[in-house]
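Student: I would like to learn how to read a protein model feature by feature. Could you take me through one slowly, giving the general idea before each case?

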Amino acid sequence: MEFKIVRPNKRANCAIRVSVICLIVGGGLALLATGDFAWGEGGAPVPGQVIKGAHRTQDEGQRIYEKANCVGCHKWHGDGGGGYGGAALSLRATQLTRDQIVEIVHCGRPGSGMPHFDRDAYKDYRCYSGVTAHDLGEDLPPDAATSLRPKEIEGVVDYVLEHIKGKGATSYQDCIDFFGDGSRACEVYKNSSGHLQATGTAEKR
């Protein structure tokens, strides 16, 4: 009977190879789990937790705008329209002040489909000068699917004020700022001045 002798250095090399493979695979799984990267157009990894591709990944406010699914009702351009919670108001045309928008994101809008994103709204967080859930009854705003921390609420409101409120009709620049340069969703804005037509096309992306 013959025995094959495996030298210690070969075992060590094998262990190193296995360790490296595990690190690569484990790191890839961790990357997918944490969402710290996203895949941009063309398959390139893009830093920042984003939901729909390679768009303004360094803008924390936009990340929260998507995380909270503001796009579901207010759309990516903020002009509102029909959505999951009903007909959302246009953030581009709103006359609300920063403080008013902050309170609405914290507390929702009573009697409407606008949810409250602060899990402590109507509990520890005083909404609308101390209105309680009991006071509102059936007009109590629904819970948001994703709650936000106070700092995140400030961030998303600042994003709306800087990039959406008062910006007029949606432009090609707005679109590539959101979706990323070269996005096919923005092609319609290059040669079209019709906001409604452009908006409808981009949303079908």
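Tutor: We will go from the overall fold to helix packing, then to buried helices, and finally to individual loop residues. Please keep in mind throughout that this is a predicted model.

Student: How many helices and strands does the protein chain have, and in what pattern do they follow along the sequence?

Tutor: A fold is read by counting its elements and then noting their order. Here the secondary structure comes to eight helices and four strands, and along the sequence the protein chain runs α-β-β-α-α-β-β-α-α-α-α-α. Of the contacts with a separation of 6 or more, 47% are between residues 24 or more positions apart.

Student: What share of the residues is buried, and what area does the protein chain expose?

Tutor: Of the 205 residues in the protein chain, 36% are buried. The chain exposes about 12,800 Å², and carbon and sulfur atoms supply 55% of that area.

Student: How should I read helix packing, and at what angle do α2 and α6 cross?

Tutor: Packing is read from the angle between the axes, their separation, and the residues that meet. The axes of α2 and α6 cross at roughly 105° and come within 8 Å; an angle of 65 to 115 degrees counts as roughly perpendicular, and these two helices are therefore roughly perpendicular to each other. From α2, the residues Gly61, Gln62, Arg63, Ile64, Tyr65 and Lys67 meet Glu152, Gly155, Val156, Tyr159 and Val160 of α6. By class, that contact divides into five nonpolar, three polar and three charged residues.

Student: Which words describe the packing of α4 and α6, oblique or roughly perpendicular?

Tutor: Helix α4, residues 98-107, packs against helix α6, residues 150-163, at an angle of about 130°, with the axes 10 Å apart. Because roughly perpendicular ends at 115 degrees and roughly antiparallel applies only over 145, α4 and α6 are oblique to each other. Their crossing is right-handed. On the α4 side, Arg98, Ile101, Val102, Val105 and His106 take part, and they meet Pro150, Ile153, Glu154, Val157, Asp158 and Leu161 in α6. This contact of α4 with α6 has seven nonpolar, one polar and three charged residues.

Student: How do I read the burial of a helix, and which residues of α2 are buried?

Tutor: One asks which residues are buried, and then what covers them. Helix α2 is mostly covered, with six of its eight residues buried, namely Gly61, Gln62, Arg63, Ile64, Tyr65 and Glu66. The elements that cover these residues include α3, α6 and α7.

Student: Which residues are buried in α7, and what covers them?

Tutor: In α7 the buried residues are Asp174, Cys175, Ile176, Phe178 and Phe179, and their cover includes α2, α3 and α6. Just after α7 comes Gly180, which takes a positive phi of about 105°.

Student: What should I make of a positive phi when the residue is not a glycine, as with Asn69?

Tutor: Most residues other than glycine have a negative phi. Asn69, which is not a glycine, nevertheless has a positive phi of about 60°. Asn69 lies in the loop between α2 (60-67) and α3 (71-74), and with a relative accessible area of 39% it is partly exposed. Ser129 also has a positive phi, near 60°, and belongs to the loop between α4 and α5 (133-136). With a relative accessible area of 74%, Ser129 is exposed.

Student: Where does Tyr125 lie, and which residues does Tyr125 touch?

Tutor: A loop residue can be read from its place, its exposure and its contacts. Tyr125 is in the loop between α4 and α5, and is partly exposed, with a relative accessible area of 27%. Leaving out residues up to four places away in sequence, Tyr125 touches His106, Cys107, Asp118 and Asp120. The C-alpha atoms of Tyr125 and Glu103, which are 22 residues apart along the chain, are separated by 10.0 Å.

Student: Where is Gly168, and what separates its C-alpha atom from that of Arg92?

Tutor: Gly168 sits in the loop between α6 and α7 (172-179), where it is partly exposed, with a relative accessible area of 41%. Although Gly168 and Arg92 are 76 residues apart along the chain, their C-alpha atoms are separated by 6.5 Å.

Definitions and conventions. Residues are numbered from 1 along each chain as its sequence is written. This is a predicted model: local features need pLDDT of at least 70, side-chain atom pairs count only at pLDDT 80 or more; totals for chains, interfaces and linings use all residues. Side-chain values use heavy atoms; hydrogens and water are left out. Axes are lines fitted to C-alpha atoms, for helices over the stretch in contact, and angles run from 0 to 180 degrees between N-to-C directions. Angles under 35 degrees count as roughly parallel, over 145 as roughly antiparallel, 65 to 115 as roughly perpendicular and the rest as oblique. A crossing is left-handed if the near helix is turned anticlockwise from the far one by less than a right angle, and right-handed if clockwise. Contact means heavy atoms within 4.5 Å. Ala, Val, Leu, Ile, Met, Phe, Trp, Tyr, Cys and Pro count as nonpolar, Asp, Glu, Lys and Arg as charged, and the others, Gly among them, as polar. Buried means under 20% relative accessible area, exposed over 50%, partly exposed in between (1.4 Å probe, protein chains only). Accessible areas come from the Shrake-Rupley method with a 1.4 Å probe; for residues, only the protein chains shown count as cover.
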